[in-house]
Amino acid sequence: MANLLVTDIKSLSGIIENGKEKLAGKEMAQLQSIENAWLWVENGIINDYGSMDSIPMERFEPNSYSHVSALGSFVLPSYVDSHTHIVFAKTREEEFVMRIQGKSYEEIAEAGGGILNSAKRLQSMSEDDLFVQAKERLWELIGFGTGGIEIKSGYGLTLQDELKMLRVIKRLKEISPIPIKATFLGAHAIPLPYKKNRDGYIKLIIEEMLPAIAQDNLADYMDVFCDQGFFTPQETDMLLVAAKNYGLKAKIHGNELGFTGGVQAAVRNNALSVDHLEYTGEDEIHCLLNSNTMPVALPGCSFFLGIPYAPLRKMIDAGLPVCLASDFNPGSTPNGRMGFVVSLACTQMRLLPEEAINASTINGAYAIELSSEIGSITRGKRANFYITKPMSSLALVPYFFGVDQVAKVYVNGVLFGSDQ
Ligand code: NIG
Ligand code: FE
């Protein structure tokens with residue numbers, strides 16, 4: 001583990017010193033910074049920082065650390081991507097073309113495409129091949145500035161294939177330089193053999209999948225796609241209560257396709273987060289206000305499917321915390337660049353750059369219970385951060401959409417790509 005000194009930082013931003021695990025409402029527009037700063041990393045952990053005017057050079061033993069000058073650049077905490085599906089077997093560009101020709105995401109799913117299409121392909125791929133592909137995706141995302149991530153199963157949809165996916169995620173955890181949380185998403189869709197026997201599939205999840213997952217400690221959370229054409233709020237309740245008995249906290253895919261009660265189900269089940277939220281009205285906002293559930297928007301999905309964006313502006317103005325994640329998956333969002341997600345949040349959802357950075361760092365960490373470890377520049381947290389290209393203001397991060405301002409990524413204080 002490395003010692004590292006970064007000096008001459010134009011702006012060290014995203015500092016949190018008050019122990020907050022998440023930011024809400026007006027707080028979200030505040031990104032605490034030190035201009036002309038230094039940052040000291042010891043054994044991979046942020047040890048100290050301050051202004052260059054008072055840098056304590058005598059503290060840093062010569063030849064015991066690497067030194068980098070960040071002249072003209074910002075240093076920002078790495079993104080925390082709290083919602084991805086990066087374990088998958090194959091891309092689905094043929095469905096993308098069908099959508100261009102006028103078919104909707106739901107129509108394609110109805111006809112056996114969508115999630116079921118991904119499941120068919122994943123079922124016939126070996127665990128090793130899935131692992132190799134997913135590792136490549138993970139490494140690419142780290143290079144884009146992601147410093148913590150959640151990964152879901154949900155393309156297996158049989159006992160053995162859900163376990164296979166979760167084992168792949170477990171193997172990724174073992175070799176990944178960034179922390180990973182694993183989410184069991186067996187309730188992603190009703191698989192074809194159960195089309196006329198929904199209860200049978202729910203029973204399979206509760207009576208066979210959950211015990212097997214718990215036995216091998218393969219998941220941290222349980223997610224349900226609670227939406228039109230997928231799982232009902234009542235089914236969601238049943239699944240999440242069962243998961244809780246195995247120690248798995250809840251997450252929900254909800255309100256992507258309509259006002260379907262996903263938000264209320266999330267709050268009822270004390271979910272860590274409810275994700276998508278393209279259909280969120282006053283009732284949903286009110287419900288979230290009285291909860292610990294983090295609302296998570298996935299603007300890359302709205303962009304790619306041409307569906308509404310979640311009303312994050314309204315939600316922040318109502319005093320809620322909000323979070324941004326990529327949703328990287330082969331169907332609705334074949335992209336995991338958090339820099340682009342941040343751009344979309346500013347251009348399409350009217351978030352300020354500071355709000356978008358907080359939403360994709362500290363609030364992402366909250367959504368996967370890693371706020372004490374990552375998500376901000378804080379003494380004692382992992383040194384997962386990036387140095388930007390030289391830039392005049394923070395707003396250039398979202399302004400140059402599709403082109404990241406990330407120049408050098410550090411993971412546990414080590415320049416990413418230099419040792420992995
Ligand atoms: O978050 N909405 C549900 N699940 C994924 C998409 C899955 C797929 O189309 O493969 C999502 O968008
Ligand atoms: Fe998703």
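These legends walk through close-up views of a predicted model.

**View 1. Four residues hold the iron ion (ligand 2).** Three histidines and an aspartate do the job here: His83, His85 and His253 each offer their NE2 atom, and Asp327 adds an OD atom. The distances run from 2.1 to 2.2 Å. Along the chain, the donor residues follow the spacing H-x1-H-x167-H-x73-D. Are His83 and His85 buried or exposed? Both His83 and His85 are buried.

**View 2. The largest cavity has His85 among its lining residues.** His85, which also serves as a donor to the iron ion (ligand 2), is listed with Tyr105, His188, Asn329 and Ser332 as lying nearest the centre of this cavity. In total, 14 residues line the largest cavity, and the space inside comes to about 100 Å³. How many cavities of 30 Å³ or more are there? The count is three.

**View 3. Ile86 sits in a loop and is buried.** Look for Ile86 between strand E6 (79-81) and helix H1 (93-100). Its relative accessibility is 0%, so Ile86 counts as buried. Who are its neighbours, once residues up to four places away in sequence are set aside? Ile86 touches Ala134, Arg137, Leu138, Leu141, Ile149, Ile151 and Phe328. Gln133 is 47 residues away from Ile86 along the chain, yet their C-alpha atoms are separated by 8.8 Å.

**View 4. Thr146 is a buried residue of strand E7.** Strand E7 covers residues 146-152, and Thr146 is part of it. With a relative accessibility of 2%, Thr146 falls under the 20% cut-off and therefore counts as buried. Apart from residues up to four places away in sequence, Thr146 touches Ser78, Tyr79, Asp81, Leu141, Ile178 and Met338. Leu141 turns up among the contacts of Ile86 too.

**View 5. Helix H5 has the length its residue count leads us to expect.** At 1.5 Å a residue, the 17 residues of H5 should span 24 Å, and the end C-alpha atoms are 25 Å apart, so the two figures agree. Which residues of H5 are buried? They are Asp161, Glu162, Leu163, Lys164, Met165, Leu166, Val168, Ile169 and Leu172. The cover over them includes helix H3 (114-123), helix H4 (127-143), E7, E8 and H6.

**View 6. Helix H6 bends at Met209.** The bend is about 35°, and a proline, Pro211, follows within four residues. What span should we expect for the 18 residues of H6 (residues 198-215)? At 1.5 Å a residue the answer is 26 Å, and the end C-alpha atoms are 25 Å apart, which agrees. Buried in this helix are Gly200, Tyr201, Ile202, Leu204, Ile205, Met209, Leu210 and Ile213. So Met209 marks the bend and also belongs to the buried set. These buried residues pack against helix H5 (159-175), strand E8 (180-187), strand E9 (221-226) and helix H7 (233-245). After H6 comes Asn217, with a positive phi near 55°.

**View 7. Ala243 of helix H7 meets Leu210.** Ala243 belongs to H7 and counts as buried because its relative accessibility is 1%. Besides Leu210, Ala243 is in contact with Met222 and Leu248, leaving aside neighbours within four places in sequence. Asp223 lies 20 residues from Ala243 in sequence, and their C-alpha atoms are 9.4 Å apart.

**View 8. Helix H7 helps line the largest pocket.** This pocket has a volume of about 320 Å³. Two elements, H7 and strand E10 (249-254), give two or more residues to its lining. The largest share, three residues, comes from H7. The lining is made of 18 residues, and Lys249, Asn270, Ala271, Leu272 and Glu369 lie nearest the centre.

**View 9. Asn63 and Leu277 each have a positive phi.** For Asn63, phi is near 65°, and for Leu277 it is also near 65°. Neither residue is a glycine. Asn63 is in the loop between strand E3 (45-51) and strand E4 (66-69), while Leu277 is in the loop between strand E11 (273-276) and helix H9 (282-289). Which of them is exposed, and which is buried? Asn63 is exposed, with a relative accessible area of 82%, whereas Leu277, at 0% relative accessibility, counts as buried.

Key. Residues are numbered from 1 along each chain as its sequence is written. Chains are lettered from A and ligands numbered from 1 in the order in which they are written. This is a predicted model: local features need pLDDT of at least 70, side-chain atom pairs count only at pLDDT 80 or more; totals for chains, interfaces and linings use all residues. Side-chain values use heavy atoms; hydrogens and water are left out. The expected span of a helix is 1.5 Å times one less than its number of residues. The bend at a residue is the angle between axes fitted to the seven residues ending there and the seven starting there. Buried means under 20% relative accessible area, exposed over 50%, partly exposed in between (1.4 Å probe, protein chains only). Contact means heavy atoms within 4.5 Å. Donors are N, O and S atoms within 2.8 Å of the metal (3.2 Å for Na, K and Ca); water is not among the atoms, so sites may look incomplete. On a 1 Å grid over the protein atoms alone, a cavity is a set of points where a 1.4 Å probe fits but cannot get out, and a pocket is an open set with protein on both sides within 12 Å along at least five of seven lines; lining residues have an atom within 4 Å of a point. Grid points are joined across faces, edges and corners, and a volume is the space filled by probe spheres set on the points.
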